[in-house]
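Student: I'd like to go through this one label by label and ask what earns each name. Can we put every value next to its cut-off?

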Amino acid sequence: MNIKKAAAAAIVAALGVTGLAACGTDEAPAAGRSGAPAPKTVTLVSHDSFNASKEVLADFTERTGFTVKVLKSGDAGEAVNKEILTKGSPQGDVFFGVDNTLLSRALDNGIFVPYEAKGLGRVPAAYQLDKEHRVTPIDSGDICVNYDKKYFADKKLAPPVTFDDLAKPAYKDLLVVENPERSSPGLGFLLGTAAKYGDDGWQDYWKKLKANGVKTVDSWELAYNQEFSGSAGGKQAKGDRPLVVSYASSPPVEVLYGEPQPKVAPTGVSTGTCFRQTEFAGLLNGAKNPEGGKALIDFLISKEFQEDMPLQMFVNPVAKDAALPELFTKHGVVIEKPETMAPQKIAEKRDPWIQQWSSLVLK
């Protein structure tokens, strides 16, 4: 089957929705109309990859009485930009899906109001990048190069492990990446190379990748499901690139949606090429139902939702008490030392780096 059909609701769900519910109440902040009764509907605005199981949502609704209307607004960058344009008069009450690569843009534009979620103590401080609690960490994932196991076995060639490996002649014309101006994984990979080689070194690295035949496409969907030879979709499309920028959680997706389901994942992860991505949710400035919005954020870090999330969106929970499913522990990999970068530095460097990257790689 086309794994991206499932992965559009899962891994492009990297890291189609229903009704949600909200739990718990606090006094509504100034973001809503004071004195007005709280609506029973709370609206969640998100990128296209948000998903949750019907059972969890039904339980949430039964316990609280709130239902959630979900508005999908395209990929993460597009969704954030839409909220910036409607600042103060938002499309909904809560936004889910802004990640650390775009966090500064959202915070600098004032689209969120502070709210310290119930249960936040269960989330490690390393994920809590905003001390004012304008956003709450919900999930994490690692953007990494994936490889086609069969290709490398057939060629009797060891798959690459590190960023350095990707520039070696043995891997010429094998890698496909996404344009960082248009793709969240593409941006994460660019930031990973900048974190690895430094402000003045990443450009030379990309010159080496270009000389080594790197191919660039506009989206993760095109890269993974059309160009990559290791994915189910890529095989159908006769993709000929055995290396692709994707996620550390991609191999479990290939197993889950394989027909028949393989005993071993057909793809692997180059563990020395990873950049840590964290996604957040926040209460929107001007929310009509801030009480419901706060309760919804509480729910998103609840153990129930956190344990449901990996097989719905193929991301890792951030709550310490949430267990990973066997599919992840058996077929996934744990990235011990991913590249990271402070949001403040991303804010300062992101746009200039994308411009430099375009001049280096696309021209």
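**Labels and what earns them**

Tutor: Let's start with cover: helix 4 (103-108), helix 7 (184-197), helix 8 (202-211), strand 7 (215-217) and strand 9 (267-284) are among the elements that cover the buried residues of helix 16. Keep in mind that this is a predicted model.

Student: Which residues of helix 16 are buried?

Tutor: P343, I346, R350, W353, I354, W357, S358 and V361 are. Buried means under 20% relative accessible area. On spacing, residues three or four places apart on an α-helix point the same way, because there are 3.6 residues a turn.

Student: Where does helix 16 bend, and by how much?

Tutor: The bend is at K349 and comes to about 45°, in a helix that spans residues 343-362. A proline, P352, follows within four residues.

Student: What makes K349 and E348 a salt bridge?

Tutor: The rule asks for a Lys or Arg side-chain nitrogen within 4 Å of an Asp or Glu carboxyl oxygen. Here the N to O value is 4.0 Å, so the pair counts under that rule. Both residues also belong to a network of salt bridges with D199 and K345.

Student: Why do K349 and E348 get their accessibility labels?

Tutor: K349 is at 22% relative accessibility, so it counts as partly exposed. E348 is at 54%, so it counts as exposed; the cut-off for that label is over 50%.

Student: How many salt bridges does the chain have by this rule?

Tutor: The count is 18. One of them joins the side chains of R63 and E304, at 3.0 Å from N to O. That pair links distant parts of the chain: R63 sits in helix 2 (residues 54-64) and E304 in helix 13 (residues 303-308), 241 residues apart.

Student: Why are R63 and E304 labelled as they are, buried or exposed or partly exposed?

Tutor: R63 has a relative accessible area of 46% and E304 has 27%. Partly exposed lies between the 20% and 50% cut-offs, so R63 is partly exposed, and so is E304.

Student: What about K215 and E227: how do you know what to call that pair?

Tutor: Their side chains meet at 3.0 Å, N to O, and the limit is 4 Å, so salt bridge is the right name. K215 is in strand 7 and E227 in helix 9 (residues 220-227), twelve residues apart. K215, at 31% relative accessibility, counts as partly exposed. E227, at 17%, is under the 20% cut-off and therefore buried.

Student: Strand 7 has come up twice. What makes strand 6 and strand 7 a pair?

Tutor: Pairing needs at least two bridges. Strand 6 and strand 7 have three, in the parallel sense, so they pass. V177 stands opposite T216 there.

Student: And how many bridges join strand 6 to strand 8?

Tutor: Two, and the strands run parallel. Two is just what the definition asks for, so they pair as well. V176 has V244 as its bridge partner in strand 8.

Student: Which residues of strand 6 point which way?

Tutor: L175 and V177 point one way, V176 and E178 the other, and all of them are buried.

Student: What share of the whole chain is buried?

Tutor: Of the 363 residues, 55% count as buried. The accessible surface is about 15,000 Å², with 51% of it belonging to carbon and sulfur atoms.

How values were computed. Residues are numbered from 1 along each chain as its sequence is written. This is a predicted model: local features need pLDDT of at least 70, side-chain atom pairs count only at pLDDT 80 or more; totals for chains, interfaces and linings use all residues. Side-chain values use heavy atoms; hydrogens and water are left out. The bend at a residue is the angle between axes fitted to the seven residues ending there and the seven starting there. Buried means under 20% relative accessible area, exposed over 50%, partly exposed in between (1.4 Å probe, protein chains only). Contact means heavy atoms within 4.5 Å. Accessible areas come from the Shrake-Rupley method with a 1.4 Å probe; for residues, only the protein chains shown count as cover.
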